[in-house]
Amino acid sequence: MARSVLERARTAPPRYWLVGLVVIFFLGFPTVISSFLASEWTQALVLAIAIMGLNILVGYSGQLSLGHGALMALGAYTSAIIVHDYQVDYLVTIPIAGLLTGGIGFLFGIPALRLSALYLALATFALAVVTPSLIKRPAGLTGGVQGILVPQPDPPALASSAYSAVTGTAMTSEQWIYYITLFCALVLFWLAWNLVRHRPGRAMRAIRDGEVAAAASGINIAGYKTLAFAISAFYAGVAGSLFGLTIGFVSPDTFPVALSIQLLVGAVIGGLASIPGPLLGAIFAYFLPIESSQWVPSQTWLPDQITSTVKNAGPAVSYGVVLILLMIFAPTGLVGLLTRGYAALNRRLRGAGDRETGHLPPDPQTV
Amino acid sequence: MQELFQLLVSGIATGGIFASLALALVLIYNAMGLVNFAQGEMAMFATFIAYALIQRGMSYWIAFPVTLVLAFAGGILVQRVVIRPVERAPILTLVIITLGLATLVNGLAGFLFGYVPRSFPSPFSAQTVDLLGVFISYRDLGVIAVSGVVLLVLYLLLQRTTVGLTLRAAAFHPEASRLLGVQVSWMLALGWGLASAVGAVSGIMVAPILLLEPNMMQTIIIYAFAAAVLGGIESPLGAVVGGLIVGVTINLAGAYIPHVGGDLQLAVGLAIIILALLLKPNGLFGRAAVRRV
């Protein structure tokens, strides 16, 4: 038995090793960084979950949504309201928020079937713009402009003692939320990976690449398109719920249009229709504006007025430039660039690749 | 009753503003089958240019056409630099590019002009005139007049000149136009320039009402979407009629439907978009979409 595990590990393709390394990195990371940084990385992971949802919808099923921030708001408010009004444990509300948002997404997917990609983009964009003012209105339920405070849970005794046994310090609630988020992200990424490799994923890609041909092959177009919407909304709902937990409150201004744009930017930077894409994209989309607005004020030779405007305008400008340049020069995103780089490296190492078609000679190990 | 008429007139005035922006959207849609999400931000940027010109001491009625010319040039520049490399890309790519453009222009405006709201001068006085018992502000009348003139000029340009004919031909049948010697790509650029100029009119008209700041057009573009969708996104006439309907509707809804008020007017815009898409996806004046299998 042990031998077969070893054997399997030895012969596993390199990407499994990569996945293992990434998981170990994310498990160990909060033990070496501050609690505040852990909270920032939690938000990046939350974005990764939402972007994975968007990626399933946009990348795999080819339907454009610019309103995923609104779905995140729905998930966040569902959790916050349940916790606030019924004193339920927050963890219980995460799947509830996901399922409710998924259900709404399914309902939204039905009229969306009739719309072309362009109209769908337009309607969801309008939804994202209107969301903050829609949230403010039922003030009794949503707390109006102030929003709702979300109490941060203390880590349970078991997790806390396990953590202090490893690191020697007590676990903060930020670190506990990090691990909750990491757990959700791992499960959801694993689900997404399985989804896209099997029948539904193939069906979605077939619909994306040619709806008429897909229908002719007997694929249930309406079914898979609404399914993609529902799954995508489920991811957004879970992400929204975790988002509220991470930042400790939900308010209308937590979910501006900019959030929906940030999700789209992340999906595009990482690479649409790929599984590692959303993770890479989320890290970039989250840290790019933070770093770009922190770097400039630290430059003391710049006058104050310039630094303050750059601080405000920096994220928008850098997002815009990155989006346009990526779409023109690398529409497959970071993952596409990395894959191309890896293939080029392989070709260089193995030599005799066919330069015309780019076909590699067979891997000696598999022959 | 008197109140209703006053609301109607101010609704038509705001409707004229929406119609200009919706018309800009329609121009680009007709040229390349794309909704330009950056149209509102481009209009906002042009309005900032007009503001800067007026601040430098230029008179309003000189700054206005100068801004339109600059906006026209800016539209062509944007098309040449940003859109041309991806002219044949799938619609998803194009939409994402225009969104990136919107974010970029918004950030640039914030960078160059700051986020402090500024009051924008209006050439029309805020006084009202008594028209058959209905009090109408000169400002509303002025907005209606300017929008009307711009729409008329655009109509004449597209329908009565050779350039307009070429432009429409290039949009309608690019291959055949190319065979007849039309430079289709430059015609697209011309379309972007025109759209940018028409959009700038809406920005300059709305700025005295809303205060000028980088996010000024974020709500207006939603109403323009509603107008374009309602009218049929490929029909210029539809954009104008749609704009007027949307303007009047949100004005009346804000006043008469309980609980709507000022902040939920935007939700009325969203409702118009969704209802129009569900009930009449081709809009009031659009042709039924024919798909080739």
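**Exercise 1. Where in chain A does A273(A) lie?**

Solution. Keep in mind from the start that this is a predicted model.

- Step 1: find the residue. A273(A) belongs to the loop that joins helix 13 (257–270) to helix 14 (276–295) of chain A.
- Step 2: look at the backbone. A273(A) is not a glycine, yet its phi is positive, at about 55 degrees.
- Step 3: put that in context. Most residues other than glycine have a negative phi.
- Step 4: count neighbours. The cut-off for buried is 20 or more other C-beta atoms within 10 Å. A273(A) has 22 of them, so it is buried.

**Exercise 2. Take Q87(A) through the same routine: is it buried or exposed?**

Solution.

- Step 1: Q87(A) sits in the loop between helix 4 and helix 5 (90–112) of chain A.
- Step 2: its phi is near 50 degrees, a positive value in a residue other than glycine.
- Step 3: exposed residues are those with 12 or fewer other C-beta atoms within 10 Å. Q87(A) has 7, so it counts as exposed.

To put the pair together: both Q87(A) and A273(A) have a positive phi without being glycine, but Q87(A) is exposed, whereas A273(A) is buried.

**Exercise 3. Work out how helix 4 and helix 6 of chain A pack against each other.**

Solution.

- Step 1: get the geometry. Helix 4 (residues 68–86) and helix 6 (residues 117–136) of chain A have axes 8 Å apart, at an angle of about 30 degrees.
- Step 2: name the arrangement. Angles under 35 degrees count as roughly parallel, so helix 4 of chain A is roughly parallel to helix 6 of chain A.
- Step 3: list who touches. Helix 4 of chain A brings G69(A), A70(A), A73(A) and Y77(A), while helix 6 of chain A brings L127(A), A128(A), T131(A) and I135(A).
- Step 4: sort them by class. Six of the contact residues are nonpolar, two are polar and none is charged.
- Step 5: check the spacing. An α-helix has 3.6 residues a turn, so residues three or four places apart point the same way.

**Exercise 4. Describe the overall build of chain B, then set chain A beside it.**

Solution.

- Step 1: count elements. Chain B has eleven helices and two strands, in the order α-α-α-α-β-β-α-α-α-α-α-α-α from the N terminus.
- Step 2: test compactness. The radius of gyration of chain B is 19 Å, and the globule rule gives 19 Å for 293 residues, so chain B is as compact as a globular protein of that length.
- Step 3: box it. Along the principal axes, the C-alpha atoms of chain B take up roughly 60 × 50 × 35 Å.
- Step 4: look inside. Of the 293 residues in chain B, 50% are buried. Among chain B contacts with a separation of 6 or more, 73% link residues 24 or more positions apart.
- Step 5: do chain A. There are 16 helices and two strands in chain A, and 46% of its 367 residues count as buried. The share of contacts between residues 24 or more positions apart, among those with a separation of 6 or more, is 75% in chain A.

**Exercise 5. Check whether helix 1 and helix 3 of chain B have the span you'd expect.**

Solution.

- Step 1: helix 1 (residues 2–32) of chain B has 31 residues, which should span 45 Å at 1.5 Å a residue; the end C-alpha atoms are 45 Å apart, so that agrees.
- Step 2: 22 of those 31 residues are buried, so helix 1 of chain B is largely enclosed by the rest of the structure.
- Step 3: just past the end of helix 1 of chain B, G33(B) has a positive phi of about 65 degrees.
- Step 4: helix 3 of chain B has 24 residues and should span 34 Å; the end C-alpha atoms are 32 Å apart, which agrees.
- Step 5: the buried residues of helix 3 of chain B include F72(B), V78(B) and V82(B).

**Exercise 6. What does V82(B) contact beyond its neighbours within four places in sequence?**

Solution.

- Step 1: V82(B) is in helix 3 (residues 60–83) of chain B and counts as buried, with 20 C-beta neighbours inside 10 Å.
- Step 2: its contacts are I97(B), L101(B) and, in the other chain, I324(A).
- Step 3: V82(B) and I97(B) are 15 residues apart in sequence, with C-alpha atoms 7.9 Å apart.

**Exercise 7. Which helix of chain B supplies the largest share of the side that touches chain A?**

Solution.

- Step 1: the contact takes 39 residues from chain B and 37 residues from chain A.
- Step 2: helix 4 (91–113), helix 9 (217–231) and helix 11 (265–279) of chain B each give at least two residues to that side of chain B.
- Step 3: helix 4 of chain B has the largest share, with 16 residues.
- Step 4: by class, the chain B side has 29 nonpolar, nine polar and one charged residues.

Note on methods. Residues are numbered from 1 along each chain as its sequence is written. Chains are lettered from A and ligands numbered from 1 in the order in which they are written. This is a predicted model: local features need pLDDT of at least 70, side-chain atom pairs count only at pLDDT 80 or more; totals for chains, interfaces and linings use all residues. Helices (H or I, at least four residues) and strands (E, at least two) are DSSP runs, numbered from the N terminus. The radius of gyration is taken over C-alpha atoms; the globule rule is 2.2 Å times the number of residues to the power 0.38. Two residues are in contact if their C-beta atoms, placed from the backbone, lie within 7 Å. Axes are lines fitted to C-alpha atoms, for helices over the stretch in contact, and angles run from 0 to 180 degrees between N-to-C directions. Angles under 35 degrees count as roughly parallel, over 145 as roughly antiparallel, 65 to 115 as roughly perpendicular and the rest as oblique. Ala, Val, Leu, Ile, Met, Phe, Trp, Tyr, Cys and Pro count as nonpolar, Asp, Glu, Lys and Arg as charged, and the others, Gly among them, as polar. The expected span of a helix is 1.5 Å times one less than its number of residues.
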